[in-house]
Amino acid sequence: MLASFLSSLAIGSWLATRPSILTLSPRLVLSLNLLAVGIVGLLSVRLIDLTAFLHSWLYDLGGSELLVVRRLMRGLLIALQVAVPGVSAGLALTSAYRLIYHEELAHHIVKASLLYSAIFLGVLLGVILSAYGLFPHLGILHSTYAAGMTVLMLGLAQGLSHLKAQAAQQTPIPLDLDRPPEWSPSLIVETCSFVGGLAALGLLMAWYRLLSNVFGATSSALSAVTIVFLIGGGLGSLAASRLVHHTRYSSLEGLYLYGMAGLLSIIASAFVNELPVWYAQLYWSLGGSSNFFATPGSQLILAAVVLLPSSFAFGSVLPYLVKVGYTHVEGPSPLVSLVGRMNAWFVFGGISGVLVSGLALVPKIGPAKTLVGLGTAMLLGGFYLAFGLTKVAVARRFKAVAILSSLALVSTLTLPRHNPLLTSHGLFAKMRGYKTIDAFIEDRDAAISRLLFYEEGLNGSVAVVANEENLGRLSLRVNGHLLAGSGAPQRRHLTLLSFLPLVFHPSAREILVLGLGTGISSGQILMNTSVERVSVIEPEPAMIRAAQWFRFVNQEPLRDPRLRFIQEDPRVHLKFSRQQYDVITGDPSDSMVNGNGPLYTAEFYRDINRHLTPQGVFSQWVQGAGISFESYLSVLKTFSESFGNTFIFIDGDNTILLGTKQSQPVPFSRWQELFGDPAVKAILLRDNLASPEALANLFFGDRTHLNQRLNLAAAAVNTDDHFRTATSVPVDPLAGSGRPIADELVQLLSPGRRENMTLAISGLRLENLAPPQISPTEDLGRVQEEILDAAKNHQADRLIKLLRVVFADPTNQIFYRSGILLGETLLQKARYDEALEVAETMKTEYPAYGSAYHIAAEALIQKNQLARARAVLEEGLFYHPTHQGLAKLYGAISHLPFSGDESPKGH
């Protein structure tokens with residue numbers, strides 16, 4: 001979208017330099033183009049609706065082998081849709097400059113510089129008004145009306161000005177169209193304009209990707225980076241307009257400006273690893289969670305520290321290029337034509353920067369190296385400018401090049417390497433949990449975490465971290481945000497998303513999963529043998545590679561031939577495809593993440609409904625903490641009004657919404673049938689869902705009960721035009737929303753819940769809804785006392801029995817310690833196979849802790865299976881390389897030969 005608009009803007013700037021346009025009145029050209037922009041602005045949303053059938057046709061064109069062709073054609077269609085406002089804006093900019101055209105050179109340069117400054121600051125004002133004013137309060141449709149009417153009125157004013165000028169017989173200053181500028185200086189200036197645009201927009205893309213890991217990939221983070229970039233460019237151009245006509249060696253000064261822009265970009269990347277800590281320091285300095293503006297304020301300040309110097313230098317380059325181009329052309333020159341072509345080439349460079357940085361450099365070499373590469377491109381552009389024009393002494397040019405080259409070389413060689421582990425740990429989501437920065441640094445330094453996988457994908461950075469915060473688990477992070485984990489607390493809601501829809505539609509054959517993540521949902525659904533195909537929409541290829549690290553817990557869905565991937569945005573697929581599904585399930589992460597807001601709108605749910613079979617079921621996770629109650633009710637009302645019936649399940653901070661087309665009760669026998677599958681039952685037991693009653697006990701009401709107990713009528717509907725989850729939810733945590741929403745829901749929905757359960761779940765016996773086996777306070781404490789007594793009295797059999805009770809629940813506080821004691825006791829009793837089973841369970845929950853591998857290796861050594869023991873120890877040392885016990889045991893058996901027919905492949 002950005003590349004398409006920039007392309008049309010560049011074409012408009014180039015067209016404005018044509019003699020046929022330059023001979024027209026600038027007021028007339030400006031008026032007509034402003035009117036065109038205003039009219040298209042008023043009709044833009046309707047025009048998109050009218051062309052939807054073309055996007056649908058393109059989506060159905062060919063199979064996966066034509067994916068690239070379809071996307072190119074879709075990009076071309078988007079380019080055509082934004083062509084009129086883009087070309088008109090480019091023509092209007094050059095026409096505006098013609099209105100301020102003056103005979104004196106100094107005034108030419110100053111006014112051109114002021115025009116660039118006005119462009120930067122105008123775009124800045126547009127970003128601020130749209131992000132913080134128009135979109136949140138008016139919605140997209142009315143925002144386009146407001147913007148369109150504003151530009152339309154400006155166009156009418158310019159039209160009246162044109163008529164007034166004609167009546168007064170005013171004529172514009174004539175331009176020398178017969179003699180164009182000399183080719184060589186023009187080529188140099190336009191090439192340098194192209195390089196400047198490429199580096200500027202490329203660096204903006206790289207910095208946003210990098211700062212997304214620090215701030216979180218939210219709309220406020222994007223706004224902060226864009227605002228600072230525009231402020232720097234505007235101030236740089238404004239400053240240059242005051243200084244440019246006081247200087248002598250313009251091409252040499254241009255070299256230094258290019259060099260400074262490049263050097264500052266390279267030097268700023270030296271602070272990459274410390275940015276999360278600086279962000280936290282700023283956050284607490286501004287008052288932390290007690291100050292609503294602490295988060296946006298700290299984002300703006302930190303973005304200014306890293307972006308403002310280089311963006312200021314970029315902004316000051318353009319006025320100097322105007323002066324260089326003018327002063328190095330012999331004879332009279334149409335300066336307006338020069339400015340128009342510079343605009344065009346700068347924007348063409350920006351298009352290249354967006355595409356090269358976003359699609360090639362950042363995914364291949366990472367954002368930190370991209371900063372260095374684009375900074376080097378700016379240096380080379382400055383060298384080309386200095387050596388291409390001959391009015392500066394050779395000695396001065398070589399001296400400048402030597403200085404800048406030395407500084408660039410020293411900066412590049414002395415830069416610390418980017419450590420993705422430090423920028424991927426999602427400090428932005430943890431800051432409120434720490435009172436001081438020292439507490440966070442202490443925890444970070446004490447953790448023995450390890451980065452197992454890191455890739456800069458097309459849509460964001462994807463990281464798999466082991467033993468984060470000494471928890472012994474694996475976590476999946478996208479742009480620094482914790483997307484999922486391997487342990488029971490992060491896994492249980494995925495189990496509910498996988499199996500609850502199968503209760504409501506037990507004969508489901510076609511399943512659609514929105515997002516791969518760790519692969520747990522897809523793998524668990526595929527355990528149902530009646531499922532014929534599971535389609536996974538995953539727009540990020542890096543996620544597929546990251547999911548392989550969770551094969552120890554996700555049932556390895558990537559090996560199942562029934563799985564197929566759809567590399568597309570979920571909204572695009574559901575809007576334009578025609579496939580029907582029995583079940584659609586999604587875990588779209590929380591709505592704070594940029595781009596997830598539209599997955600909670602009425603239009604999205606309408607598309608879901610269109611793709612469901614008559615008995616179809618849709619299940620969706622909604623965050624139960626970190627948002628305001630009003631935001632949650634907005635999502636709940638939108639969901640409830642979109643389906644025939646709605647069911648809500650609450651499990652801790654997680655809430656699961658199920659939507660069905662039918663409204664009849666669900667027989668309890670279906671819940672019992674789910675537990676009849678041994679493989680499914682094993683997964684449910686693993687996640688402490690011991691019975692059909694335990695699963696049903698998470699049910700807190702259908703749509704009737706929700707309407708009775710919650711004031712949904714007063715809640716606002718979430719729509720594509722006004723998606724509140726993209727505007728209000730990101731700032732909800734900043735306001736301190738109190739206790740989790742799930743707790744408030746439980747309190748409000750509990751009265752009358754059991755009566756509603758008998759209506760929604762036919763055949764359910766309420767007396768069987770027993771509480772969990774172990775209370776987290778009294779019962780667990782009593783069991784621990786009995787364990788200590790059994791250990792003290794050397795009652796091994798009793799100790800094993802008690803430990804198995806505690807070990808059955810991976811969510812309790814002493815699960816891992818009880819597993820260690822259970823495994824060691826089983827080893828002492830020579831029950832090696834049981835010890836291996838305990839070790840495997842521990843590895844599933846805490847793969848980055850070493851004790852489970854130690855127990856497994858000891859059991860295998862006693863069984864004389866040395867090859868398997870070595871393999872287990874190697875696996876443990878991979879996840880926990882500093883574990884001395886594993887290293888010592890591995891060294892002790894590494895020289896021993898394999899026994900008999902044993903082979904390392906047996907592991």
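In what order do the 8 strands of the open sheet with mixed pairing stand? The legends below take up this and other views of a predicted model.

**Figure 1. The whole protein chain, in overview.** This is a predicted model. The protein chain holds 37 helices and 14 strands. Of its 907 residues, 53% are buried. The exposed area is about 38,300 Å². Carbon and sulfur atoms supply 61% of that area. Contacts reach far along the sequence: among those between residues at least 6 apart, 76% join residues at least 24 apart.

**Figure 2. The open sheet of 8 strands.** The order is β7-β6-β5-β8-β9-β11-β10-β13, and the pairing is mixed. The edges are taken by β7 (563–566) and β13 (699–702). Each has a single partner strand, so one side of each lacks a neighbour in the sheet. From one strand to the next, the twist averages 20 degrees.

**Figure 3. The pairing of β5 with β6.** Within the sheet order, β6 and β5 are neighbours. Strand β5 spans residues 510–514, and strand β6 spans residues 533–537. The two pair in the parallel sense. Their pairing covers 5 bridges. Look for V513: opposite this residue, in β6, stands V536.

**Figure 4. Helices on the sheet of 8 strands.** Helix α18 covers residues 488–504. This helix lies across β8 (581–586), β9 (612–623), β10 (645–651) and β11 (654–660). Its course runs at about 15 degrees to β11. Helix α29 (residues 741–749) also packs on the sheet. The strands touched by α29 are β10, β11 and β13. The directions of α29 and β10 make about 120 degrees.

**Figure 5. The open sheet of 4 strands.** Here the order is β1-β2-β3-β4. The pairing is antiparallel. At the edges stand β1 (450–456) and β4 (481–485), each pairing on one side only. Direction ignored, neighbouring strands are turned by 20 degrees against each other on average.

**Figure 6. The β1–β2 hairpin.** How many residues make up the link in the hairpin that joins β1 to β2? The link has 4 residues. Strand β2 covers residues 461–466 and runs antiparallel to β1. The two are joined by 6 bridges. Two of the facing pairs can be picked out by name. L451 has V465 in β2 as its bridge partner. E455 stands opposite V462, also in β2.

**Figure 7. Helix α36 over the sheet of 4 strands.** Helix α36 is formed by residues 866–879. Which strands does helix α36 lie across? They are β1, β2 and β3 (474–478). The helix runs at about 70 degrees to β1.

**Figure 8. N697, just ahead of β13.** N697 sits in the loop between α26 (692–696) and β13. Its relative accessible area is 22%, so N697 counts as partly exposed; the buried class ends under 20%. I650 is 47 residues away from N697 in sequence. In space, the two are 9.2 Å apart, C-alpha to C-alpha. I650 falls within β10 (645–651).

**Figure 9. A nonpolar patch on the surface.** Four residues form the patch: I39, L43, L47 and L50. Together they have about 370 Å² of accessible area. L50 belongs to helix α3 (residues 26–50). Is L50 buried or exposed? L50 is exposed, because its relative accessible area is 60%, and the exposed class begins over 50%.

Terms used
Residues are numbered from 1 along each chain as its sequence is written. This is a predicted model: local features need pLDDT of at least 70, side-chain atom pairs count only at pLDDT 80 or more; totals for chains, interfaces and linings use all residues. Side-chain values use heavy atoms; hydrogens and water are left out. Two strands pair if DSSP finds at least two bridges between them. Axes are lines fitted to C-alpha atoms, for helices over the stretch in contact, and angles run from 0 to 180 degrees between N-to-C directions. Contact means heavy atoms within 4.5 Å. Buried means under 20% relative accessible area, exposed over 50%, partly exposed in between (1.4 Å probe, protein chains only). Accessible areas come from the Shrake-Rupley method with a 1.4 Å probe; for residues, only the protein chains shown count as cover. Patches are made of residues with over 30% relative accessible area and no salt bridge: like charges are joined within 9 Å, nonpolar side chains (Val, Leu, Ile, Met, Phe, Trp, Tyr) within 5 Å. A salt bridge is a side-chain nitrogen of Lys or Arg within 4 Å of a carboxyl oxygen of Asp or Glu.
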